[in-house]
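Biologist: Could you take me through one part of this model in some detail? I would enjoy a close look at a single helix and its surroundings.

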Amino acid sequence: MLTDIQIAQQAQLLNIKDVASKIGITEDDLEMYGKYKAKLSDEYMDSVKDNKDGKLILVTAINPTPAGEGKTTVTVGLGQAMHNLGKKSIIALREPSLGPCFGVKGGAAGGGYSQVVPMEDLNLHFTGDFHAITSANNLLAAVMDNHIHQGNTLRIDPKRIVFKRCLDMNDRALRSIIVGMGKKADGVVRQDGFVITVASEIMAILCLAEDINDLQERLSKIIVAYNYDNEPVTAGELNCVGSMAALLKDAIKPNLIQTLEHSPAIVHGGPFANIAHGCNSVRATKTALKIADYVITEAGFGADLGAQKFFDIKCRMAGLKPDAVVLVATVRALKYNGGVTKSDLNNENLDALAKGIVNLEKHIENLQMYGVPVVVTLNRFITDSDAELAYVKKFCEDRNCDFALANVWEKGGEGGIDLANAVLNTLETKKSNFKVLYEDDLSIKDKISTIATKIYGAKDVTYSSEASNAIAKIEAMGMGNMPVCMAKNQYSLSDDASLLGRPEGFTVNIREVYVSAGAGFVVAITGAIMTMPGLPKVPAAERIFVDDNGVINGLF
């Protein structure tokens, strides 16, 4: 059996200008990055801005398990299937981070015969967007430290600096560091730290900005520190917003690549969903809606994280109204939620399936809470029994969800035809009455409580004294009307990764709260979640090598 990277490397790619022509984009509309990658020009995006919007379809999933769900694979396969049915469609994805690529997860380009390509480029440096974001972030940090060293006219309190440097790599040793050691000329000694680039505020800003002007306005609002009078100090006051924007002027343009079946894919931005807001860029999604009749996008991890943030942050800010949601699950993952060990997942077990399907049930209820029609799809494995598949199908249909099997890993677009038809049927027969979960004028604690109790199923929320004080400060600064971005582990509906299925009666613990004023949301960190992940004992990086012909192996 071929690996994902072997399948990708054997593919015959079209020149990206030929892929673009399928949806009416000319070579003059592209800024080429070689033969197989391009950015959409500002002139092109401006030329289509008054077109009628297509239908917006979100792909999300149950809580991820070691058994695998294949959300991106289903997204790509659904896009290929729509293309095979003659529909003018496009998928809109996030760019992968180098952190998980070399850590546990590996690449994020889909899998099997439902991938976006060139796979190696996408998973590694791609068009340099993440490097630009990293550079802009660290320029701001350097300018801030230099300002303190050169006299500190803004009276920044070195003990109240909240802006961190970033790196797109899992590196736990950088979570908490000391900078400025050495001679007097080496800067002011202070405690500092790194976040992973995909958790940085500048990543969020790039993904939420409507255009270059909005980008600069958001950058100027970043709170980097507080002064000795406990007043916020912003990036705008450090006079480096123009320089940051110069680093980001190309990164803000969406990227166009292709699937294995040569259908178009816009891939842009990459905030993590367990830490950040987990959606691709607003510019990418809005442009896709102007050039296609059907836009299929995804949000990271389970629906309790990615989908909730897609609805309550991205759609709220950008004025988007999704028309349908595809909820991805696997029989294997549901049995895992029912207590079956990974080694026994290949065996039929209807009792465990019945026990674990409550996780799917909760996600269905949550999505329906937003007023959007739901299609459930099982990413099919060869070990799934007919009885297990029938059980899940009836379970979903009893809850007013269309249902379809997806076999897109093995068969590509052909294996997604049933799912595509189910989605089209839902779009034709069910109306979306999308609404956000909470209103802007709720207090920050009420917003957190609403998410925790309604989406996670928690009984209560507790706060550290630091978190409560931070909330009071944020509301005193007039920023309490912002949406909340919950940073939570992805493996459980709760903030305890070991609680599988549909836990009840638990308490969510809020450890830290801070405002991302430029992004426009408040971040609430739960449990032991880290904004700089670490590598596992045996990282994926140890399996990757380049052979004598310059071909990358081991990337998956």
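Which helices and strands do the buried residues of H16 pack against?

Modeller: Happy to help! A word on the source: this is a predicted model, where local features need pLDDT of at least 70, side-chain atom pairs count only at pLDDT 80 or more, and totals for chains, interfaces and linings use all residues. Residues are numbered from 1 along each chain as its sequence is written, and side-chain values use heavy atoms, with hydrogens and water left out.

Helices (H or I, at least four residues) and strands (E, at least two) are DSSP runs, numbered from the N terminus. Helix H16 covers residues 386-397. Its twelve residues should span 16 Å at 1.5 Å a residue (1.5 Å times one less than the number of residues), and the end C-alpha atoms agree, being 16 Å apart.

Buried means under 20% relative accessible area, exposed over 50% and partly exposed in between, with a 1.4 Å probe and protein chains only. Glu388, Leu389, Val392, Phe395 and Cys396 are the buried residues of H16. Viewed down the helix axis, they fall within an arc of 130°, so they line one face; that arc is taken from the directions from the axis to the C-beta atoms. An α-helix has 3.6 residues a turn, so residues three or four places apart point the same way. Asp386 and Lys394, on the other side of H16, are exposed.

Now to your question: the buried residues of H16 pack against helices H13 (331-337), H14 (350-356) and H15 (358-369), and also against strands S18 (374-379) and S19 (402-406). Contact here means heavy atoms within 4.5 Å.
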